[in-house]
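Welcome, and thanks for opening the viewer. Please have your selection tool ready, and we will walk through the model together.

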Amino acid sequence: MMSAFSVTLFALLLTLAGMQPGDALASGFTDLKGDPQLKSASALVIDADGNVIYGKDVNAVRPIASITKLMTAMVVLDSDLDLDEEITVSRADRDLVQLTGSRLEPGATLSRHDMLLIAIMASENRAAAALGRNYPGGTQAFVEAMNRKAAGLGMSSSRFSDPAGLNPENLSTAEDLARMVTAAYGYPLIRQASTTQQMEVRPYSRRGPLVYNNTNRLLKNPNWDIALSKTGYINEAGRCLVMRATIEGEPVSIVLLNSFGKLTPFGDSNRLRKWMLAQK
């Protein structure tokens, strides 16, 4: 029997796909045996029907770092603000929590569209901060909108504290993040941004372009068919990764939280894929 979480997620997935419940096809990834031996502290894999393929500590509340930026992008797009409007980075967008750097110096100017793209694909923190600051009512109103959106998605164990995910008080669970991945998949621009491998922008009128690269190295792996992804890292969260991918013709959502080691989420993703394919 499907849990309440699975039933709700199932309905969301079908709605996004334009399907009715009776149209769903049975997954080939059922009753898998063994253990993929993941290093991530929390992990969740669900199939297109919302059924759990693999779960590990899915209800533990953890910091989620830059996975936060998926919520940031949804709130920006829900606002219907002009994506062509130019946004200028200010000193207020500096990271005073984790003290990370950025190539977007105060005065750097890009369209809201390009700020959103580099915030998602390259996890550009000042771009995310600028997006929140330029929301009606400013950053505080933006964070409130993030939390309203989370509540509307049924993310009952989640809380958002800033647009970039630098504050360790951005908290969620693997189960809640599966909901967020499903919702984010419904936004074509988020899918585009999260799977673009490289992008060139010109934030300075008298300088050359800046080249940004995607933070998910699996996009370069021909064995993977990824439709949406986001990485995250701060010390308090460990290494995090969420994805929507197609494995052996079946769409699945993957959530990996609190891994240690820069490559561990990618290794866990490959271990999951190998484990799933070995038993199909």
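What follows is a tour, stop by stop, of what to select and what is there. Please keep in mind that this is a predicted model.

**Stop 1: the main core**

Begin by selecting Met71, Met74, Leu104, Leu116, Leu177, Met180 and Ile190. These are the residues with the most contacts inside the largest nonpolar core, a set of 65 residues. As background, nonpolar side chains in soluble globular proteins tend to be buried together.

Now keep methionine 180 on screen. Which residues does methionine 180 touch, leaving aside those up to four places away in sequence? They are Ile67, Leu70, Met71, Met74, Met155 and Phe160. Apart from the largest core lies another one, of 22 residues, with Phe29, Leu32, Leu218 and Ile247 among them.

**Stop 2: helix α7**

Next, select residues 188-195, which form helix α7. Colour Leu189, Ile190, Ala193 and Ser194, which are buried. Turn the view so that you look down the axis of α7: its buried residues fall within an arc of 125 degrees, so they line one face of the helix. Ile190 may look familiar, as it was on the list of residues with the most contacts in the largest core.

What covers these buried residues of α7? The cover includes α2 (68-78), α3 (112-121), α6 (174-184) and β9 (225-234).

**Stop 3: helix α8 and its neighbours**

Move on to residues 264-278, helix α8, and pick out serine 269 within it. Is serine 269 buried or exposed? It is buried, with a relative accessible area of 0%. Show its contacts beyond four places in sequence, and you will find Leu218, Trp224, Leu241, Met243 and Leu256. Of these contacts, Leu218 is one you have met already, as a member of the 22-residue core.

**Stop 4: two aromatic pairs**

Stay with helix α8 and select tryptophan 275, together with tyrosine 54 in strand β2 (residues 52-56). The model has two aromatic pairs, and this is one of them: the ring centres are 5.6 Å apart and the planes stand at 75 degrees, so the pair is edge-to-face. Because one partner lies in β2 and the other in α8, the pair ties together parts that are 221 residues apart in sequence. Tyrosine 54 is buried at 12% relative accessible area, and tryptophan 275 is buried at 10%.

For the other pair, select tyrosine 135 and phenylalanine 142. Their ring centres lie 5.2 Å apart with planes at 80 degrees, so this pair is edge-to-face too. Both residues are buried.

**Stop 5: charges over rings**

Show the side chains of arginine 207 and tyrosine 204. The charged end of arginine 207 sits over the ring of tyrosine 204, 4.1 Å from the ring's centre. Then select arginine 244 and tyrosine 185, where the charged end of the arginine sits over the tyrosine ring, 4.2 Å from its centre.

**Stop 6: two backbone angles**

Finally, look at the backbone in two loops. Alanine 65 is in the loop between β3 (62-63) and α2. Its phi is near 50 degrees, a positive value in a residue other than glycine. Alanine 65 is buried, with a relative accessible area of 0%.

Leucine 99 is in the loop between β4 (86-88) and β5 (109-111). What is the phi of leucine 99? The angle is near 60 degrees, again positive in a residue other than glycine. Leucine 99 counts as exposed, at 65% relative accessibility.

Terms used:
Residues numbered from 1 in each chain as written. Predicted model: local features only at pLDDT ≥ 70, side-chain atom pairs only at ≥ 80, totals over all residues. Heavy atoms only, no water. Buried < 20%, exposed > 50% of the residue type's maximum accessible area, 1.4 Å probe, protein only. Helix = DSSP H or I, 4+ residues; strand = E, 2+ residues; numbered from the N terminus. Arc of directions from axis to C-beta. Contact = heavy atoms within 4.5 Å. Core = buried A, V, L, I, M, F, W, Y, C linked by side-chain atoms within 4.5 Å. Phe/Tyr/Trp six-rings, centres within 6.5 Å; stacked < 30°, edge-to-face > 60°. Lys NZ or Arg CZ within 6 Å of the ring centre and 35° of its normal.
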